[in-house]
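Colleague: I'm new to reading protein models, and I'd love to go through one with you. Could you put it up so that I can ask my questions?

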Amino acid sequence: MTRTTLAPQYDPSAVESAIYARWEDAGVFTADPSSPAEPYVIVIPPPNVTDILHMGHGLNNSLQDVFIRFERMRGRETLWLPGTDHAAIATHNMVERQLKKEGTTRQAIGREAFLQRVHAYQKEKGGIILEQLKGLGASCDWTRTRFTMDADYSKAVRHAFVSLYQQQLIYRGHRVIHWCPRDLTSLSDEEAEFEETDGKLYHIRYARVDSAQDKEGVVVATTRPETMFGDVAVVYHPADERYSGMRGQMVQIPLSGTVIPVETSELVEKDFGTGMLKVTPAHDAKDFEIARSLPNADPPVIMTEDARMADVERVPAELRGLDRFAARKKIVELLEAQELLVKVEPHRHAIRHCYRCGTVVEPRLSDQWFVKMKPLADKALDEYRRGRIRFVPDRWGAVYENWLSEIRDWNISRQIWFGHRIPAWYCDEGHITVSETDLTTCPTCGKPARQDEDVLDTWFSSGLWPFATLGWPEKTADLDRFYPGHTLVTAPDIIFFWVARMVMLGYHFMGERPFETVVLNGIVRDQQHRKMSKSAGNGIDPLEVIRRFGADALRFTALAAAPIGTDIVLDPADLETSFAPGRNFANKLWNAGRFALANLPDDALPHPTDLDAAHFELADRWILSRSQRTIAAATEALERFRVSDSANAIYQFIWHDLADWYLEQAKPRLYGSSEGGAIARAVLAYALETSLRLLHPFMPFVTEELWQNLPRRPNSETTLLALSSWPEADARLLDAEAEDRFARVQALVTAVRTVRSEYGVEPGRSIRAVVEPASTAALEAFNAEQHTIERLAKIGRLSMQAGADGIGAHQVLPDGSSVFVPLGDAIDVKKECARLGEELARLDQQLGNLTATLANENFINRAPAAVVERVRAKEKSWREQRETLAGKLRVLGCT
């Protein structure tokens, strides 16, 4: 083959789209259910269909792609199944905002017209993120792309609901749920998120009826006085002696005069507030449970769906129609005026907010559909405890276990119009029919049937993702071959919403876990450690990063930055610096590859094991052994999901071992035609090929481009690196002795380079060096690579003797060897002494001022402790710098 000439600089924009198209054309990403290879499956956490790529997606999908490419190269039949989620509430809200701008509402235009608007919005905005993932290099099987509202997927959702209903695991219940007054829908426990809030505890007097002797009545403490008009009783703990004998007496609700009884309940916390609790069953879940044991405690609803005081008899006329918080303020004023407000205390407590819009959630009595969770959770919990499902990092397993251990029934109905409509039909006779097929008449009485207006919680349909995407409930070839899956990569904030529910539903419907390992990535944060988000104005647009630096730069920077599960910090104000690690590495690889390929023939080169090792130089043996160590380390790290460890091991090998050391050592041989040159070229070709294979899952584009220019062996693998095999360590090439000896050479060269830098020796000036080896092994290593040492350290003559003296610098190497670099003829000693003396004098003056500051008692006593500590740390650092300068002056014999 004839290779193309590589450009002097790597330009990602010139190659990435063409490479991706080639992968797609070759069917690299398409899984074959008839393949005999062992499968490896990842299902993508489906982004919202209208999402735009952000850095969280960038990190998460880069991780998934690493695992998929790694296992593909290891010969497994990989399926990375992509798709999008309909995101019912989010999409619903977006379209409602559009309607509001147009001066109308969904209620005004009707359900069918509203859904048409939703579908038009999704058609306009939907699917963009999947195309953006291609730009990231994601090797998903796009032929299997799914959407949670597809016809087949919708069929699976309906089948799941009906099956669970028939198994008595779904039921319709009348109970207090979390209600979002803004979105006008119920929420699950997980969607109503707690936030610590500084509130108030109001102590309110309820007057006793027909008791002139008791003007005090009973005092109730509450954080929500606006709900008191829905009280059906006040209760105290039966063991609370303060209220002994009060059961059965009657009190009046302040401001309304409604009479309610005093009762007892063991659910009351005696130590909270006054120990007397108001019971508001329609607006508090705990109160609802208490009221179930009370006589004649029908729960009155005293708020509207949008959290305004209802127009009902129990609510005073002047409060009707007020927003709940405005009503609270007004109620407090009225209570004070009537001397019914005993006191108000500050009270910090956790209040639930809607996870979507942040609105304070209102507990509300309502008819909703629920899933019985304990029968499903028991299996998911048991399988985790048996080690059948594991979390990386493993600390998240305890979170999963705790949630499943305390799980409550799941409210799955939502009062919005977009989504999977609940397959339940009602008739005027009160019959409820749950069916997989649409009904027009009631099968029980034959009267007209109307479908439930509500839709299912999006997480219900998403919980079926690992198997509904493969054709379930039909018995398809994909379902048979690719379920169960293997790895799920997601964020820890949806362990409850999604991960646990997939596990429960997977075991229930498929009898097997949906995946073996849950890998939980960290969060991308800015330099103030705030989570990046568009709304906070601190986000990074991955597409801009890709345009400027390439997909590989983004991927490697994110992947190598921190261990799995650890947050990564980037600076949105300085993309150049933030993504320098990946960009610089791509350039380093390109330059090393370009140099290597320019010195390799077009024809195939022999594998190092086919050469006579007796003719290998120390550096050849060393780089071949380091290759095997890196293969083993990178492989083990990926098998353990330690992505950053793998990335950094590969980085160290390519940047330092191959580019900085072996290429430099081999240059003279590469330019020649001797046997040594042939060996160097074969070893270099092997090391470069191994590097590209190892790095490919992390940086697929630049590695693929370089791979296309490698010399090919007869009957070689596919020309695509994406389909080539992962390297395997070869024990025959391990050479601990070579690694030890070449490490001594590296230490010597580095020591001499340090002296040159510290004493200002001109870069092109040749110097002398005298080394005293600490052992025979060191002597043999220095002798074997003397020319390499001299060339890389720019030494005119390297001598090996003991007792060198004169003006110069000493360095001790890690193995105990030492090197002396004479400086008298390498630098202008007089000029360097003057420079160092001036620097020392300036530092002494600064140290004097700093010491005086620290001796000032006023400063020590009045300055903040952190400031004093910073000054002390600066003094310590400057004193260390002074010792270094003084040492250099002594070395040069300055007076």
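Colleague: How many bridges pair strand 7 with strand 8?

Modeller: This is a predicted model, so let's read it as one. Strand 8 covers residues 218-222, and its pairing with strand 7 is antiparallel. One pair to look for is H203 with its bridge partner A221 in strand 8. For strand 7 and strand 8, the count of bridges is five.

Colleague: Which residue in strand 13 is the bridge partner of K200?

Modeller: Begin with the two strands: strand 7 takes in residues 192-206 and strand 13 takes in residues 341-354. They run antiparallel and are joined by 13 bridges. Strands of a sheet pair through backbone hydrogen bonds. Opposite K200, the partner in strand 13 is P346.

Colleague: Which strands stand at the edges of the open sheet of four strands?

Modeller: The order in this sheet is 6-5-14-16, and the pairing is antiparallel. Strand 5 (residues 170-180) and strand 14 (residues 362-371) share 10 bridges, and Y171 stands opposite F370 there. An edge strand here has a single partner, so one of its sides has no neighbour in the sheet. That describes strand 6 (185-187) and strand 16 (410-411).

Colleague: Is R501 buried or exposed?

Modeller: You can find R501 in helix 15, which spans residues 495-510. Leaving out residues up to four places away in sequence, R501 touches S188, E190, W403, W410, D457, W459, G463 and F496. Buried means a relative accessible area under 20%. The value for R501 is 1%, so R501 is buried.

Colleague: How many residues of helix 23 are buried?

Modeller: Helix 23 runs over residues 700-707 and is mostly covered. Its cover includes helix 1 (12-25), helix 2 (55-73), helix 6 (128-136), helix 17 (551-560), helix 19 (580-598) and helix 22 (675-695). Among the buried residues are F701, E704, E705 and W707. The count for helix 23 is eight of eight.

Colleague: Which residues does the cis peptide bond with omega of about 10° join?

Modeller: Two cis bonds are worth finding here. The bond from Y483 to P484 has omega near 5°, and P484 sits in the loop between helix 14 and strand 22 (487-490). For the other, look in the loop between helix 13 (465-468) and helix 14 (477-482), where P473 is found. With omega of about 10°, the residues joined are W472 and P473.

Colleague: What is the phi of A307?

Modeller: Let's take A87 as a warm-up: A87 lies in the loop between strand 3 (83-84) and helix 3 (88-101), and its phi is positive, about 50°, although A87 is not a glycine. A307 is in the loop between helix 8 (285-291) and helix 9 (324-337), and A307 counts as buried at 2% relative accessibility. A307 is not a glycine either, and its positive phi is about 65°.

Colleague: What is the radius of gyration of the protein?

Modeller: Now step back to the whole protein, with its 29 helices and 29 strands. For 895 residues the globule rule gives 29 Å, and the protein is well over that, so it is more spread out than a compact globule. The C-alpha trace spans about 110 × 80 × 55 Å along its principal axes. The radius of gyration is 37 Å.

Conventions
Residues are numbered from 1 along each chain as its sequence is written. This is a predicted model: local features need pLDDT of at least 70, side-chain atom pairs count only at pLDDT 80 or more; totals for chains, interfaces and linings use all residues. Side-chain values use heavy atoms; hydrogens and water are left out. The radius of gyration is taken over C-alpha atoms; the globule rule is 2.2 Å times the number of residues to the power 0.38. Two strands pair if DSSP finds at least two bridges between them. Buried means under 20% relative accessible area, exposed over 50%, partly exposed in between (1.4 Å probe, protein chains only). Contact means heavy atoms within 4.5 Å.
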